[in-house]
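Colleague: I should like to learn how to read the side-chain contacts and the pocket of a model. Please take me through them in turn.

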Amino acid sequence: MPALLEAPEPALQVVRLARIHTVTDPGLVLGSIQKSETADAGLAASAGVEVARRRSGGGSVLLLPEKQVWADFFITPSDPLWHDDVALAAGWVGRLWRDALSRHLPERESRRLSLHTGRAEADRWGRLVCFAGRGPGEVLAGDRKVVGVSQRRSRHRARFQTTARVGGGLCELDETDLLDLPPADREAGRAVLAERCGAVAATAQAVTESLLQALAEL
């Protein structure tokens with residue numbers, strides 16, 4: 001996993017690129033500004049979870065096989081999708097994900113999908129765990145976040161790293177089980193995640209296929 005996260009970014013000219021990754025083993029991915037001590041190495045090892053780091057900011061993300069669809073998108077400044085304002089730059093990513101996910105939901109539930117607009121909103125838990133906060137372009141189902149988005153930008157390209165939670169329901173393991181927290185904080189964190197995190201009731205394969213269809217229609 002670390003090698004994949006640190007893979008060289010493509011030398012883009014005037015093309016768009018999407019990379020869809022398959023999660024084969026559990027991994028806890030820390031944000032670029034989080035210290036390595038944020039994760040409890042002993043707990044992670046006991047749970048069989050590898051700890052890695054991404055180059056974009058934000059809170060930790062727990063990746064589990066069949067529980068996420070992980071996709072990275074790259075565009076260049078010449079692309080019509082590009083926006084100089086960081087708060088607006090990920091809007092097209094959120095709309096893309098909303099389109100893909102809505103194909104798996106009844107119309108009533110599809111109408112509950114929305115995008116977070118404006119600046120990032122994160123309290124202590126949002127800074128610790130990606131899905132406990134809200135950032136530009138992220139997708140919510142009601143009040144629960146189902147797609148997380150982080151971005152890394154330069155003069156030459158923007159990279160959007162995204163994960164959509166799938167499979168429905170809550171996982172037996174979540175980020176708070178692997179972070180270096182006192183027992184009381186760990187219990188409080190679980191309650192926060194139960195309120196703020198959601199998952200689409202569809203398989204990873206089905207959501208991936210819908211995402212590819214949505215990409216083809218951009």
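Modeller: The dialogue below takes up the aromatic pairs, the charged contacts, the pocket and some spacings in turn.

Colleague: What should be known about the model beforehand?

Modeller: This is a predicted model, in which local features need pLDDT of at least 70 and side-chain atom pairs count only at pLDDT 80 or more, while totals for chains, interfaces and linings use all residues. Residues are numbered from 1 along each chain as its sequence is written, and side-chain values use heavy atoms, with hydrogens and water left out.

Colleague: How is a pair of aromatic rings described?

Modeller: Two values serve for a pair of aromatic rings: the distance of the centres and the angle of the planes. Rings of Phe, Tyr and Trp (its six-membered ring) pair if their centres lie within 6.5 Å; planes under 30 degrees apart count as stacked, over 60 as edge-to-face and the rest as tilted. By this rule the count comes to two aromatic pairs. In one of them, F73 and W92 meet edge-to-face, at 5.9 Å centre to centre and 65° between the planes. F73 belongs to strand β5 (residues 68–75) and W92 to helix α4 (residues 91–102), so that the pair links distant parts of the chain, 19 residues apart. Helices (H or I, at least four residues) and strands (E, at least two) are DSSP runs, numbered from the N terminus.

Colleague: Are F73 and W92 buried or exposed?

Modeller: Buried means under 20% relative accessible area, exposed over 50%, and partly exposed in between (1.4 Å probe, protein chains only). F73 counts as buried because its relative accessibility is 1%, and W92 counts as buried at 7%. W92 also forms an edge-to-face aromatic pair with F160, at 5.8 Å centre to centre and 85° between the planes. Because W92 lies in helix α4 and F160 in strand β9, this pair ties together parts that are 68 residues apart in sequence. F160 is buried, as is W92. Ring pairs thus link F73, W92 and F160 into a cluster.

Colleague: Which rings have a charged end sitting over them?

Modeller: A charge sits over a ring if NZ of Lys or CZ of Arg is within 6 Å of the ring centre and within 35 degrees of the ring normal. The charged end of R124 sits over the ring of W125, 4.7 Å from its centre. For R153, the ring beneath the charged end is that of W82, with 4.8 Å to the ring centre.

Colleague: How many salt bridges does the structure hold?

Modeller: Side chains of opposite charge can pair when their charged atoms come close. A salt bridge is a side-chain nitrogen of Lys or Arg within 4 Å of a carboxyl oxygen of Asp or Glu. The structure holds eleven salt bridges. One of them joins the side chains of R196 and D123 (2.7 Å, N to O). R196 lies in helix α7 (residues 183–196) and D123 in the loop between β6 (113–115) and α6, so this pair ties together parts that are 73 residues apart in sequence. R196 counts as partly exposed at 25% relative accessibility, and D123 is partly exposed at 33%.

Colleague: Which salt bridges have buried partners?

Modeller: K145 and E138 form a salt bridge whose closest N and O atoms are 2.8 Å apart. K145 counts as buried at 2% relative accessibility, and E138 is buried with a relative accessible area of 2%. Another salt bridge joins E175 and R165, with the closest N and O atoms 2.7 Å apart. E175 is in the loop between β9 and α7 and R165 in strand β9, ten residues apart. Both E175 and R165 are buried. In addition, salt bridges that share partners join D99, R103 and E217 into one network.

Colleague: What lines the largest pocket?

Modeller: On a 1 Å grid over the protein atoms alone, a pocket is an open set of points where a 1.4 Å probe fits, with protein on both sides within 12 Å along at least five of seven lines; lining residues have an atom within 4 Å of a point. The largest pocket is lined by 35 residues, of which R54, G57, G58, V149 and S150 lie nearest its centre. β8 gives the most to this lining, with five residues.

Colleague: How far apart are the C-alpha atoms of A47 and R111?

Modeller: The C-alpha atoms of A47 and R111 are separated by 37 Å, and the two residues are 64 residues apart along the chain. By contrast, A120 and G133 are 13 residues apart in sequence and 7.6 Å apart in space, C-alpha to C-alpha.
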